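Here is a short briefing to read alongside the sequence and the 3D view. Please keep both open as you go.

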Amino acid sequence: MDKTEFQETKLVTLDDVREAQGRISHACLRTPVLQVLHPASGEPTWVKAESLQHTGSFKFRGAMNAVAALSGTAGDRGVVTYSAGNHGRALAYAARRAGVDATVVMPHTAPQFKVDVTRALGATVVLRHPDEFVPHAHYLAEVQGLTLVPPYDDPLIIAGQGTAGLELLEQTDDVDVVLVPVGGGGLIAGVASAIKSLRPDVRIIAVEPELAADLAEGYAKGERTVWSREMTLRTIADGLRSAAVGELTWAHITALVDDVLAVSEESIVSAMRWLAQDGKLVVEPSGAVANAALLEYSSEFEGRKVVTIATGGNIDLQAYAGLITGPSDH
């Protein structure tokens with residue numbers, strides 16, 4: 001995206017997010033904001049528990065908004081998406097609620113648990129090589145006349161995810177910082193659009209794994225950066241393995257986000273353990289990276305009211321138990 005295209009990019013507005021909220025409030029849960037104590041300092045922090053949302057992640061907000069906005073003809077033809085798991089599951093459920101057929105193209109490296117639960121919701125699941133699953137979804141949309149519902153780089157998806165930001169402000173007083181996990185960037189784009197419109201003084205900080213830190217690199221250089229699949233597949237945070245944020249989400253991040261932090265794999269696991277012990281939340285690695293930032297960068301947040309978003313809890317329980325009962329560096 002060159003400078004002219006960037007300047008002409010239309011960002012999602014507060015009105016767009018409020019319209020989405022009106023569309024989906026009947027279907028989405030108003031997830032709680034829970035207080036947890038920092039394991040080192042004992043200071044209170046707050047967690048927006050999107051792991052308790054329908055289908056186990058914030059992704060249901062955007063998927064439901066996109067499906068609810070379909071015209072009758074588009075709904076009759078059905079929808080298709082590409083997903084590592086959470087968006088596919090969310091779209092499958094949103095489509096089932098609306099009586100719409102859904103096809104989800106997933107990488108064959110996706111956790112079997114996420115494949116199984118998506119199929120269980122009635123979606124047709126197609127597995128492809130990680131380098132092929134995105135173009136294959138576009139191919140199916142073209143040849144079968146399906147409506148493509150992208151996982152993040154779409155105004156309806158961004159606006160739907162932004163409803164979590166509206167709720168967060170309604171549920172907390174005097175928040176100073178919001179930490180948001182980032183893969184493709186749809187959540188932080190929507191949350192930043194909502195919060196910065198109402199509370200421009202609140203700092204919005206993106207968090208991603210060090211092993212999939214394409215955004216941190218690009219943000220530092222001032223240009224959108226793409227990492228190889230081989231690099232991003234190294235992280236246990238399988239929901240954050242996008243090779244890059246989207247072009248539309250990059251425009252939102254550049255305009256609205258205050259900083260980007262990268263966290264270690266060890267801190268992610270420690271954050272999962274922290275959320276289980278103190279918050280009684282089952283959170284997958286992708287959903288724990290914001291709290292991992294509170295472990296690694298605790299001195300940067302002293303004296304500030306911080307809210308993290310625990311984005312999802314979709315993980316096989318055996319794998320989860322193996323992670324949180326292992327050794328910790330924190």
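The points below cover the nonpolar cores, one strand, one helix and one helix pair.

Please bear in mind that this is a predicted model. Its largest nonpolar core holds 31 residues, and strand E10 (306-310) is one of the elements that supply at least two of them. Helix H14 (289-296) is another such contributor.

**The nonpolar cores**

- In the largest core, the residues that touch the most other members are Leu-179, Val-263, Ala-288 and Phe-301.
- At least two residues of this core come from each of strands E2 (44-49), E7 (177-181), E8 (203-209), E9 (259-263) and E10 (306-310), and likewise from each of helices H13 (265-279) and H14 (289-296).
- Beyond its neighbours within four places in sequence, Phe-301 is in contact with Val-177, Leu-179, Ile-205, Leu-261, Ala-293, Leu-294 and Val-306.
- Another core, of 30 residues, lies apart from the largest one, and its members include Leu-168, Val-175, Val-178 and Ala-213.

**Strand E10 and its partners**

- Five of the five residues of E10 are buried.
- Cover is found on both faces of E10: Val-306, Thr-308 and Ala-310 are buried on one side, and Val-307 and Ile-309 are buried on the other.
- E2 and E10 run parallel and are joined by four bridges; Lys-48 has Ile-309 of E10 as its bridge partner.
- E7 and E10 also run parallel, with three bridges between them; here Leu-179 has Thr-308 of E10 as its bridge partner.

**Helix H14**

- How many residues of H14 are buried? Seven of its eight are, so H14 is largely enclosed by the rest of the structure.
- The buried residues are Val-289, Ala-290, Asn-291, Ala-292, Ala-293, Leu-294 and Leu-295.
- Among the elements that cover these buried residues are strands E2, E7, E8, E9 and E10, together with helix H13.

**Where H2 meets H8**

- How do helix H2 (residues 14-24) and helix H8 (residues 155-171) cross? Their axes come within 8 Å and cross at roughly 90 degrees, so H2 and H8 are roughly perpendicular to each other.
- On the H2 side, the residues that meet H8 are Leu-14, Asp-16, Val-17, Arg-18, Ala-20, Gln-21, Arg-23 and Ile-24.
- On the H8 side, they are Leu-156, Ala-159, Gly-160, Gly-162, Thr-163, Leu-166, Glu-167 and Glu-170.
- The residues of this contact divide into seven nonpolar, four polar and five charged.

Notes. Residues numbered from 1 in each chain as written. Predicted model: local features only at pLDDT ≥ 70, side-chain atom pairs only at ≥ 80, totals over all residues. Heavy atoms only, no water. Core = buried A, V, L, I, M, F, W, Y, C linked by side-chain atoms within 4.5 Å. Buried < 20%, exposed > 50% of the residue type's maximum accessible area, 1.4 Å probe, protein only. Contact = heavy atoms within 4.5 Å. Pairing = 2+ DSSP bridges. Axes fitted to C-alpha atoms, helices over the stretch in contact; angles between N-to-C directions. Parallel < 35°, antiparallel > 145°, perpendicular 65-115°, else oblique. Nonpolar A, V, L, I, M, F, W, Y, C, P; charged D, E, K, R; others polar.
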